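Reader: Hi! I'm new to looking at protein models, so could you walk me through this one?

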Amino acid sequence: MGAIRPEVMRWARETAGLSLVDAAHRVGLKDARGESGAERLAKLEEGEEEPPRLLLAKMAKAYRRPLLVFYLSHPPKAGDRGQDFRTLPGQERYNPELDALIRDIKARQGLVRSILEDEETDPLQFVGSVTMDARPTELAARIAGAFKFSLAAFRAAKNSNAAFAYLRSQIEATGVFVLLLGNLGSHHTNIPLEVFRGFAVADPLAPMIVINDQDARAAWSFTAIHELAHLWLGNTGVSGSDGLARIEQYCNDVAGEMLLPANEVAGLQIPASLDSVAAAISEFAEERRVSRVMVAYKLFRLGKISKGIWTTLNVRFRDEWIASKQQQAEKNKSVKDGPNYYIVRRHRVGTALIELMRRAIDDGNITHTKAGTVLGVKPRNVEPLLSSGRIRGR
């Protein structure tokens, strides 16, 4: 192989969303000869020194890239996600964490697909089965029927977390994998909601839905059904916060109709003052286990509130949620024992993926190393993860 191009090394680090300090720590580049690990890495990226192969192997793992990438003659075009992954108007700016997450999900999905092929699993007929010629109400009814979704059971859940757990179990029971991932493994790599709320991989054998768990939990159910609509349409790609693009608006309308039929919202009385409107929406949303943002969106789509009021309410609800999240984070600091690592991991990857990996390992169809890739853990943590308690609605 040829010499390592410094610009390729720098590109690989930057597209992994890592600073020099973070990257040096990840690859184990320690302080030496009066220089920090970050300074030593900077020299390598300037071409002042040639990186040893062992260090390149560590970089490949830390940057989530194949080793061969470092031998390219020049960096690939930044942000090239392939034709499968679309971006939304106003969301075209490059985000290295999202690109790294997409690569990670593609790798996981490929392994899952190969296992299901070995098991001779039948493809799911609903993937790519409709077009946007179908009315949102029609597609909502078809999705609800296919997943045996009961709106009454959803609303009977004790809170929005339990409601999502019910919805997720119905979705996964038919062969769709639902993952909760909003970063690359640490809060330092959190991906903003403006970049993506969720994305779907519309594969008929191993379809996946990924929900950004940085979002409010009350919004997860809406995102899950929104991405289901993308699967029915056969669209693979990223969904951000711009709900006005035609396909995004269509999928929003499908999700809204499933969780909150238009006739219910039409009967909601809209008070005169903004504070009263916000209070009425909050009470209405809590009773139905949906997010306030979703209710406001439905009111806007039905013409019961103006676009200006809708936008103002979105900002208000978002600010209140951020403040609540910060308060919870401060409260958690005072708690000595956090949630169990394996329970958190199981919650993120979902019961369907856990059960598939257990079956594949028992049948000898996958190694612990590859199972770790699918589950997002180290090989030594696979067995403890698989044997830990089942997910509970939280």
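Author: Happy to; we'll go through helices, some single residues and then the empty spaces.

Reader: Before that, what kind of model is it, and how are residues numbered?

Author: It is a predicted model, where local features need pLDDT of at least 70, side-chain atom pairs count only at pLDDT 80 or more, and totals for chains, interfaces and linings use all residues. Residues are numbered from 1 along each chain as its sequence is written, and side-chain values use heavy atoms, with hydrogens and water left out.

Reader: Cool. At what angle do α9 and α10 pack?

Author: The angle is about 120°, and the axes are 8 Å apart. α9 covers residues 220-233 and α10 covers residues 246-259. Helices here are DSSP runs (H or I, at least four residues), numbered from the N terminus. Axes are lines fitted to C-alpha atoms over the stretch in contact, and angles run from 0 to 180 degrees between N-to-C directions.

Reader: Is α9 parallel, antiparallel, perpendicular or oblique to α10?

Author: The angle makes α9 oblique to α10. Under 35 degrees counts as roughly parallel, over 145 as roughly antiparallel, 65 to 115 as roughly perpendicular, and the rest as oblique. The crossing of α9 and α10 is right-handed, meaning that the near helix is turned clockwise from the far one by less than a right angle.

Reader: And how do α12 and α14 cross?

Author: Their axes cross at roughly 65° and come within 11 Å, with α12 running over residues 274-288. That makes α12 roughly perpendicular to α14. Here too, α12 passes α14 in a right-handed crossing.

Reader: Let's zoom in. Is I281 buried or exposed?

Author: I281 counts as buried because its relative accessibility is 1%. Buried means under 20% relative accessible area, exposed over 50%, and partly exposed in between, using a 1.4 Å probe and protein chains only. I281 lies in helix α12.

Reader: What about M294, buried or exposed?

Author: M294 is buried, with a relative accessible area of 3%, and this residue is found in helix α13. M294 and I281 are 13 residues apart in sequence, and their C-alpha atoms are 9.6 Å apart in space. For another pair, I281 and I211 are 70 residues apart along the chain, with 24 Å between their C-alpha atoms.

Reader: Where is G303?

Author: G303 is in the loop between α13 (292-301) and α14 (307-333). G303 counts as exposed, since its relative accessibility is 58%. The C-alpha atoms of G303 and A266 are separated by 9.4 Å, and these two are 37 residues apart along the chain.

Reader: Which phi value does R33 have?

Author: Phi of R33 is near 55°, a positive value in a residue other than glycine. R33 sits in the loop between α2 (20-27) and α3 (37-45) and counts as exposed at 63% relative accessibility. E120 also has a positive phi, of about 55°, although it is not a glycine. E120 is in the loop between α5 and α6 (136-146), exposed with a relative accessible area of 68%.

Reader: New topic! How many cavities of 30 Å³ or more are there?

Author: A search of the whole structure finds three. On a 1 Å grid over the protein atoms alone, a cavity is a set of points where a 1.4 Å probe fits but cannot get out; a pocket is an open set with protein on both sides within 12 Å along at least five of seven lines, and lining residues have an atom within 4 Å of a point.

Reader: What lines the second largest cavity?

Author: The lining is A16, L18, R26, A62, Y63, R64, L184 and T189. The second largest cavity holds about 40 Å³ of space.

Reader: And how much space lies in the second largest pocket?

Author: About 1,100 Å³. This pocket is lined by 33 residues, with K61, R64, L184, G376 and K378 nearest its centre. α5 gives the largest share of the lining, five residues.

Terms used:
Helices (H or I, at least four residues) and strands (E, at least two) are DSSP runs, numbered from the N terminus. Grid points are joined across faces, edges and corners, and a volume is the space filled by probe spheres set on the points.
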